[in-house]
Amino acid sequence: EKIRIEIISFGLTESRIVSDATIQQLFVECRLYSFLAEETPLSLPKPTSGQRIHYNYSNVIYVDKANNHARREYLKSMLLKPDLHTDSLRFTVVSDPPEDEQDLECEDIGFAYVSLREIFQKQRDIIEQDIDVFDSQDDSAVIGKLKVSVEALHALRSVYEECKDD
């Protein structure tokens with residue numbers, strides 16, 4: 001009765017991010033619809049092109065009936081009423097300002113998505129898979145690859161069985 005999310009590593013492709021000297025430290029936020037935003041506890045130095053930075057961060061979102069009714073209801077509605085904007089986990093790569101420039105804001109530099117509905121339709125979790133990270137200023141440009149695992153199939157099946165009972 002849980003969804004496990006792992007943010008493993010991130011690598012940049014040739015893009016404006018590589019040459020932008022103001023972007024030095026990166027962390028990753030993961031958001032499930034409007035419920036939950038989790039971020040990697042560390043921001044790591046921006047990788048050079050062709051290199052990867054390793055977060056090895058894992059998080060669990062509980063969706064059990066007893067304690068997490070709202071999240072379960074969201075998953076039910078997502079499985080029953082397709083709407084592309086709400087069926088994905090959103091990963092945001094964020095630039096963390098250097099410590100000597102704390103007056104600067106954190107800036108979203110890229111987004112990546114994993115569709116929970118697709119996991120359910122294909123009946124397959126995502127294990128250590130590279131997903132495209134799209135530029136926050138140009139969503140047709142890929143700025144890098146984020147390696148993630150999303151284990152949600154068991155929880156989605158459980159929610160789906162419940163839908164059939166309702």
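How much area does the chain expose, and what share of it do carbon and sulfur atoms supply? The chain exposes about 9000 Å², and carbon and sulfur atoms supply 46% of it; accessible areas come from the Shrake-Rupley method with a 1.4 Å probe, and for residues only the protein chains shown count as cover.

Before you click on anything, some ground rules. This is a predicted model, in which local features need pLDDT of at least 70 and side-chain atom pairs count only at pLDDT 80 or more, while totals for chains, interfaces and linings use all residues. Residues are numbered from 1 along each chain as its sequence is written, and side-chain values use heavy atoms, with hydrogens and water left out.

**Stop 1: the whole chain**

Start with a cartoon view. You will find four helices and nine strands, where helices (H or I, at least four residues) and strands (E, at least two) are DSSP runs numbered from the N terminus. Following the sequence, the pattern reads β-α-β-β-β-β-α-β-β-α-β-β-α. The chain is as compact as a globular protein of its length, because its radius of gyration is 17 Å, close to the 15 Å that the globule rule gives for 166 residues. That radius is taken over C-alpha atoms, and the rule is 2.2 Å times the number of residues to the power 0.38. Along the principal axes, the C-alpha trace spans about 55 × 30 × 25 Å.

Now colour by burial: 46% of the 166 residues count as buried. Buried means under 20% relative accessible area, exposed means over 50%, and partly exposed lies in between (1.4 Å probe, protein chains only). If you draw a contact map (heavy atoms within 4.5 Å), take the contacts between residues at least 6 apart in sequence: 64% of them join residues at least 24 apart.

Next, select the charged side chains. There are 19 positive and 32 negative ones, and the centres of the two sets lie 9 Å apart. Lys and Arg count as positive and Asp and Glu as negative, with His and the chain ends not counted; each charge is placed at NZ of Lys, CZ of Arg, CG of Asp or CD of Glu.

**Stop 2: helix α4**

Select residues 153-165. The 13 residues of helix α4 should span 18 Å at 1.5 Å a residue, and the end C-alpha atoms are indeed 18 Å apart; the expected span is 1.5 Å times one less than the number of residues. Show the side chains of Leu-153, Ala-155, Leu-156, Ser-158, Val-159, Glu-162 and Cys-163, which are buried in α4. An α-helix has 3.6 residues a turn, so residues three or four places apart point the same way. What do the buried residues of α4 pack against? Their partners are β1 (2-12), α2 (69-80), α3 (116-122) and β9 (138-151).

**Stop 3: helix α2 and the loop before it**

Move to one of those partners, α2. Its 12 residues should span 16 Å at 1.5 Å a residue, which agrees with end C-alpha atoms 16 Å apart. The buried residues here are Arg-71, Arg-72, Tyr-74, Leu-75, Lys-76, Met-78 and Leu-79.

Then step back to Asn-67, in the loop between β5 (52-62) and α2. Asn-67 counts as exposed, at 63% relative accessibility. Try a distance label to Leu-26: the two C-alpha atoms are separated by 33 Å, with these positions 41 residues apart along the chain.

**Stop 4: two positive phi angles**

Asn-56 is in strand β5, and its phi is near 45°, a positive value in a residue other than glycine. At 53% relative accessibility, Asn-56 counts as exposed. Glu-128, in strand β8 (residues 126-135), also has a positive phi near 45°.

**Stop 5: Asp-125 and Glu-151**

Select Asp-125 in the loop between α3 and β8; at 26% relative accessibility, Asp-125 is partly exposed. Beyond four places in sequence, its contacts are Ile-119, Val-150, Glu-151, Ala-152 and Leu-153.

Follow the contact to Glu-151, in strand β9. Glu-151 is partly exposed, with a relative accessible area of 30%. Among the residues that Glu-151 touches are Lys-2, Ile-3, Arg-4 and Ile-127.

**Last stop: Thr-92**

Finish in strand β6 (residues 88-96), where Thr-92 is found. Is Thr-92 buried or exposed? Thr-92 counts as buried, at 1% relative accessibility. Leaving aside neighbours within four places in sequence, Thr-92 is in contact with Phe-27, Val-28, Glu-29, Asp-108, Gly-110 and Phe-111.
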